[in-house]
Amino acid sequence: MSATGSAGRGHVVVVGAGIAGLAAAHRLLRRGLRVTVLEASERVGGKLLPGEIAGVRVDLGAESMLARRPEAVDLAREVGLSDELRPPATASASLWTRGALRPMPKGHVMGVPGNASALAGVLSDEGLARIERDAELPRTEIGDDVAVGEYVARRLGREVVDRLVEPLLGGVYAGDAYRISMRAAVPQLFQAARAHDSLTEAVRDIQARAAAGQASGQAAGPVFLGVEGGVGRLPLAVADAVRAHGGEILTGAPVTGLRREDDGGRTAWRVTTGDRVLHADAVILAAPAPVAARLLRGESPEAAAELDAVEYASMALITLAYRRAGTALPQGSGFLVPPVDGRTIKASTFASQKWGWIADEDPDVLVLRASVGRYGETEVLGREDDELVEVARADLREATGLAATPVATRVTRWTDGLPQYPVGHHTRVARVREHLGKLPGLAVCGAAYDGVGIPACIASAYEAADRVQDRPGTVQELTTGPVPGPHRGAGE
Ligand SMILES: Cc1cc2nc3c(=O)[nH]c(=O)nc-3n(C[C@H](O)[C@H](O)[C@H](O)COP(=O)(O)OP(=O)(O)OC[C@H]3O[C@@H](n4cnc5c(N)ncnc54)[C@H](O)[C@@H]3O)c2cc1C
């Protein structure tokens, strides 16, 4: 084995070059540390993947960033994408339910309405009447955490969960509303529901606060933003910035070993990738939970056991391109499908209607994507690519009338793409961090911890960067040392 690098002063190794690992590297470099990012695959970006179909740029992974929290948009601006942030051209989505595409109701928080009338047209009359009973029911105790579906069904009936909450949550987690933690997945609702006896009253409270925020200009601007050419460009731009600040990114470098070593009386780290060994003062594990578990098995079997228990859902995206001539689609950005309706696809995005640049790049091309696969659903993902294209086409034909033959198709599989956040997830994450707190200079970040969305992953990366930097007597002390690499970022 050859040894690469030395226990260089202030050297941090980041494992994984998804958006979390890259964001952590970017932050540490801007603070003057030396950073090496090790990425198993041949490309950076993880679940963010720019691609192409029929000559136009599209996202083949994540496609939009929540703009109501700052991390993703701020990072995009920091790495030079300020002028390329784009709001969706249309934000009006539909639900494909009870045999028709129906406008997505407004006036709800993750499908939970402030009053029954908000869901008229989507729910049956009995379903709407059941919501009204919320005001009369005695308080439902939430405790430390509760499954979103379970709590909402108790207050408002199952129909709201099955027709609205489930597809909306499923769109984010590919999960099961009756398992997903309300505390972790919809924290705002969790807090409000704790403070009110009635759930609809809790939602109205959230809505009133949001309206007050809007009136004072706090929540101005679009809720989501994309990037011209695809959000998949974000990690590429961050990687460029990392390199420009002197950081090193090695792709095709799966990390296989992690060991503590003694460096003159203090803990340092020995990181193995293939036949190379890197020595680091600190390590950030920004790879999915099973990988972090494997790497931690020797140094923290307790943290590894917790991480081993994190479950994942797999999914596939089917991207279809059509000639626009003679092809008509309903208005809007696409639709969600409640699982109770028994369809195969769970959502479809009308990409060339949602993102203006796609239509601009080739006005003659129409791009749609459909997704399949939810937590625990394995049968559909076992099918061949051409079968997935066919099931997507059949569902799309029924939902939208689109009968044309696509000019190009792509199937992108995201095996174990989304970590699941069941009830108690936050306590598991707290236990992981508690165990890792005993290992100086070691932190974890990414989708498995504080939220699966891009901004949440970036926030967890910054937290991990702060954690290793605050490590007493090591990295922080070393930031004053010389930093290799020609470019120091401005404004550090
Ligand atoms: C299909 C899909 C669509 C999504 N859509 C959206 C969306 O529109 N908006 C949104 O906000 N979020 C979306 N998400 C969620 C979001 O994209 C992800 O949660 C987020 O990108 C995860 O980032 P990460 O850095 O934590 O992990 P990852 O992107 O998984 O990156 C981890 C990296 O670690 C690498 N790695 C693994 N093992 C090793 C090893 N041994 N050594 C070194 N490297 C290793 C992997 O190759 C990978 O590059 C979507 C997710 C999926 C799957």
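## Helix H16

In this predicted model, H16 runs for 16 residues and spans 23 Å from its first C-alpha to its last, close to the 22 Å expected at 1.5 Å a residue.

How much of H16 is buried? Of its 16 residues, 12 are, so the helix is largely enclosed by the rest of the structure. The buried set is Ile454, Pro455, Ala456, Cys457, Ile458, Ser460, Ala461, Tyr462, Ala464, Ala465, Val468 and Gln469. "Buried" here means under 20% relative accessible area, with just the protein chains counted as cover.

## The shell around the ligand

H16 (454-469) also turns up at the ligand, where it supplies at least two residues of the shell. Helix H1 (19-30) and the strands S18 (312-323) and S22 (408-419) each do so too. Which of these elements gives the most? That's S22, with three residues.

There are 34 residues around the ligand, and Glu39, Lys47, Ser64, Val452 and Ile454 come nearest. Ile454 is also one of the buried residues of H16. Sorted by class, the shell has 23 nonpolar residues, eight polar ones and three charged ones.

## Backbone contacts and burial

Some backbone atoms sit within polar-contact range of the ligand. A polar backbone atom of Ala20 is 3.0 Å from a ligand oxygen, and a backbone N or O atom of Glu63 is likewise 3.0 Å from an oxygen atom of the ligand. For Ser64, a backbone N or O atom lies 2.7 Å from a ligand nitrogen. As for cover, the ligand taken alone exposes 1,000 Å², and the protein buries 88% of that.

Note on methods:
Residues numbered from 1 in each chain as written. Predicted model: local features only at pLDDT ≥ 70, side-chain atom pairs only at ≥ 80, totals over all residues. Heavy atoms only, no water. Near = heavy atom within 4 Å. Polar contact = N/O pair within 3.5 Å; in protein donor to acceptor, adjacent residues only side chain to side chain. Areas by Shrake-Rupley, 256 points an atom, 1.4 Å probe, with all protein chains shown as cover. Helix = DSSP H or I, 4+ residues; strand = E, 2+ residues; numbered from the N terminus. Nonpolar A, V, L, I, M, F, W, Y, C, P; charged D, E, K, R; others polar. Expected span 1.5 Å × (residues − 1). Buried < 20%, exposed > 50% of the residue type's maximum accessible area, 1.4 Å probe, protein only.
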